[in-house]
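Welcome! Here is a short guided look at one protein model, written for someone meeting it for the first time.

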Amino acid sequence: MPRFSIVVPVHNVQGYLRVCLESVLDQSYGDFELIVVNDCSPDGSSAIIDEFAARDERVVPVHLPVNGGIGPARNHGAKLARGEYLLFLDSDDSYTPGTLRAIAERIDATSRPDIVLFDYARTHWHGAVKRNRDAAVFEAPGPEVFTVAERPDLLDLFTVVWNKAYRLDFFREGGFTFPTGFYEDAVVVYQTLWTARTITLVDRICVYYRQRRQGNAMRTPSREHFEVFAQYERLFRFIAERPELERWRGFLYDHMADHYLFILRQQDRVPPSARPEFHRRAARDLRAYRPSGHRLGADIPRVSFTLLARTPYALYGLHRMAAVRRAGLRRRYRVWRRRLRRVLLATHRRLVLRRALDPDLAVYSAFAHRGVLGDPAAIHRKAREIAPHIRGVWVVGKEYVDTLPPDVEHVLPGSRAYRKATARAKYLVNNVNWANDLVKREGAVHIHTHQGTPLKSMGADLLKYPGARRGFSVPKMLRRADRWDYSLVANPHSELVWDRAYPCDFVSLRSGSPRNDCLVRPEAGRRETVRERLGVPDERTLILYAPTNRDHRQGGYAPACDLERLAAGLPGDHVLAVRLHPSLAQRHERGLELKDLARRGVLLDVTDEPSVEDLMLASDALVTDYSSLMFDYAHLDRPIVLHAYDWDTYLAGRGTYFDVTERPPGHVTRDEGELARLFASGAWRDEESARLRGAFRERFGGYDDGRASERVVRLLMLGEDLAAMPPTVPAPGVPSEQLARS
């Protein structure tokens, strides 16, 4: 008996069917049967099903003689199922890698619950991927196993069956079957959730839910949408036959009312000629099924409900016309409000720019206003220490304000306080360009710190790589860079790159990288403090995996390796910590496998750790691909592994300044198996690793001596003569002068 029976109904999906079936057959967990039900599809789907059945014995082909719809097709597949758990997958959707293994392990960990719910992401035809908007439900704290009475918020989730695994005995004993017609999922979803004795969640994106540009039957005007009345009739009858479910009658009524209102609001559901009839049918149900003394839920619009339930369609239609007109007026109001706001902003800017610069004000920002981070943070800390008269103000996005230390003054980007601070500040420190509307005033000092030593192409060099500059203009970016007064340089390589990539009139300060001060001269006890916070004992070996983003991929994410396999391949006293690129922290990639593996204790998800310097100090080795962290990490003289699995693709899509695989900071792996073997054998920290790391550090160590922050503050803010404070570790043959005109 297989662990899983996966039922895939098929009708007119030949363009997507291969992707769907391959996503199942390519799963690392192979104990399943794949029941593919051809619902008399008129296209080439039948041949594709037979092709897959011929190549893999786990595929069970079923060809129905007549088209009965998705519900009966699912029922037919469910009758043939032999697995312990039953899953349904629509034939234009697909599983993400590792899905079945994650579900199987969750089942084992929770003693075979009746239902397992898992998350999904919507994949759009134009390439965008968006995680389920209710993803927070899956990570909410609570018991491992529960009933829907303990978690009623589950009933508000998208009512589909393809994000659930049902214990087959539970499904059959309950006699659950799909009705014909539209909205068939809702019947089975609610019936099973209401009656399940044990439910559990998997906080992981397991399904890619395809959003078609055209061809979605649910968004096609037709009388098929009248099937919704029969589906709710079935659900109310189900409750009536089971007194123990009476508590859900009020919920079902509110959901029905909201659903009917939604269908009538949409222009792509009920045909205009049939809308009066739909209105009458809906009103009849709302009167017939309303529980005695029931009060509507707070999210049901009262006026719309009353007009639907108690008035003729003509009045409801007038109400909808008025609502559309009000929406148009609101749109025009927003347009005029934005125009007025622009005028007021311009006026305020002109008034502020008339005021003198504040010689004791410095404004900082880092990583597009994500917090007190990176080189600007190091400069800010040193300024507070040796130049306390200089007031430091940070520009921080609203969503990151809660991460700020309590003693840090901040302004929100675009606010009046922001415009006032940036217009009057003597010093502006950032590791990315300031916004276009920031005016460079005479006497203001713009200090650009960059974001580490460059490996990938930057600035004007991106003109050769159109995919890498998608979404922004290089000429506009260079005009913003024209405001730089000083460009901080960590090593001779960086200085040469910045001079070419940013053909602007700035001065290069051979200061070293301020954020690396803590790596070159570590603070006593900091490593131990971070490891204690992460829950990593001193005797454990902590491996930090920090991949960079990919410009050639929509959204920037490219799965580099099977994280679970990598973690399992490490020796027992090793801990894997994964830090995604900051640009991916709030995207759906976190939910593909990382959060689930972290919850299960397979690895640590440290993407949200504010300080990457803390993570580098706490770790014993770094695994990365093409991230600039390798240059910083080399200062710690700890092993580095370069996982260059897609080097040729990355080189073609983004371009690099040198071939890092030829002169790497440590061992180079090209595939996931090689990476796992490197750690299993212990070769990641052998003599060859130390030799490569030493050569890399000698080449790129440059000016980092642990005093970069002090050098910047004393020279650029205090105006001191630093002739007696040159970098203590210049590279061989490098001039000792600290300033150089670009």
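The report below starts with the overall picture and then turns to particular places in the chain.

## The overall picture

What you see is a predicted model. The protein chain has 742 residues, and buried residues make up 55% of them. Along its principal axes, the C-alpha trace spans about 90 × 65 × 45 Å.

How many helices and strands does the protein chain have? There are 26 helices and 23 strands. With that inventory in mind, we can visit a few of these elements one by one.

## A sheet of six strands

A good place to begin is an open sheet built from six strands. Reading across it, the order is β19-β18-β17-β20-β21-β22, and the pairing is parallel. Which strands form the edges? They are β19 (604-605) and β22 (667-669), each of which pairs on one side only.

You can follow one of these pairings in detail. Strand β21, covering residues 640-643, pairs with β22 in the parallel sense, and three bridges connect the two. Within this part of the sheet, L642 has V668 in β22 as its bridge partner.

## Charges on the surface

Now turn to the outside of the model, where charged residues gather. A patch of positive charge on the surface brings together R325, R326, R330, R331, R332, R334, R337, R338, R339 and R342. One of its members, R326, sits in helix α12, which runs over residues 313-353. R326 has a relative accessible area of 40%, so R326 counts as partly exposed.

There is a negative surface patch too, formed by E528, E532, D538, E539 and D573. Here E528 belongs to helix α18, residues 526-534. Is E528 buried or partly exposed? With a relative accessible area of 42%, E528 is partly exposed.

## Salt bridges

Side chains of opposite charge can pair when their charged atoms come close. A search of the whole structure finds 45 salt bridges, and a few of them make good examples.

The first example lies within a single helix. R237 and E233 meet through their side chains in a salt bridge, with an N to O distance of 3.7 Å. Because R237 and E233 are four residues apart in helix α8 (residues 227-240), about one helical turn separates them. R237 is partly exposed at a relative accessible area of 40%, and E233 is partly exposed at 39%.

Another example is the salt bridge between D407 and R384, whose closest N and O atoms are 3.0 Å apart. This pair links distant parts of the chain, as D407 and R384 are 23 residues apart. D407 is found in the loop between β11 (391-395) and β12 (409-411), while R384 is in helix α13 (residues 374-386). R384 counts as partly exposed, at 39% relative accessibility.

Next come D705 and R711, whose side chains meet in a salt bridge at 2.7 Å, N to O. Are these residues buried or exposed? D705 is buried, and R711 is buried as well. Elsewhere, E105, E564, D596, R599 and R600 are joined into one network by salt bridges that share partners.

## A buried phenylalanine

Helix α6 covers residues 168-173, and F171 has its place there. F171 has a relative accessible area of 4%, which means that F171 is buried. The C-alpha atoms of F171 and A196 are separated by 9.4 Å, and the two residues are 25 residues apart along the chain.

## Two backbone angles to look at

Most residues other than glycine have a negative phi. Against that background, two residues in loops deserve a glance.

C40 is not a glycine, yet C40 has a positive phi of about 50 degrees. The loop that holds C40 runs between β2 (32-38) and α2 (45-55). At 35% relative accessibility, C40 counts as partly exposed.

R112 also has a positive phi, near 55 degrees, in a residue other than glycine. Where is R112? Its place is in the loop between α4 (99-109) and β6 (115-124). R112 is partly exposed, with a relative accessible area of 39%.

How values were computed
Residues numbered from 1 in each chain as written. Predicted model: local features only at pLDDT ≥ 70, side-chain atom pairs only at ≥ 80, totals over all residues. Heavy atoms only, no water. Patch = residues over 30% accessible without salt bridge, like charges linked within 9 Å, V, L, I, M, F, W, Y side chains within 5 Å. Areas by Shrake-Rupley, 256 points an atom, 1.4 Å probe, with all protein chains shown as cover. Salt bridge = Lys/Arg side-chain N within 4 Å of Asp/Glu carboxyl O. Lys, Arg positive; Asp, Glu negative; His and termini not counted. Charge placed at Lys NZ, Arg CZ, Asp CG, Glu CD. Buried < 20%, exposed > 50% of the residue type's maximum accessible area, 1.4 Å probe, protein only. Pairing = 2+ DSSP bridges.
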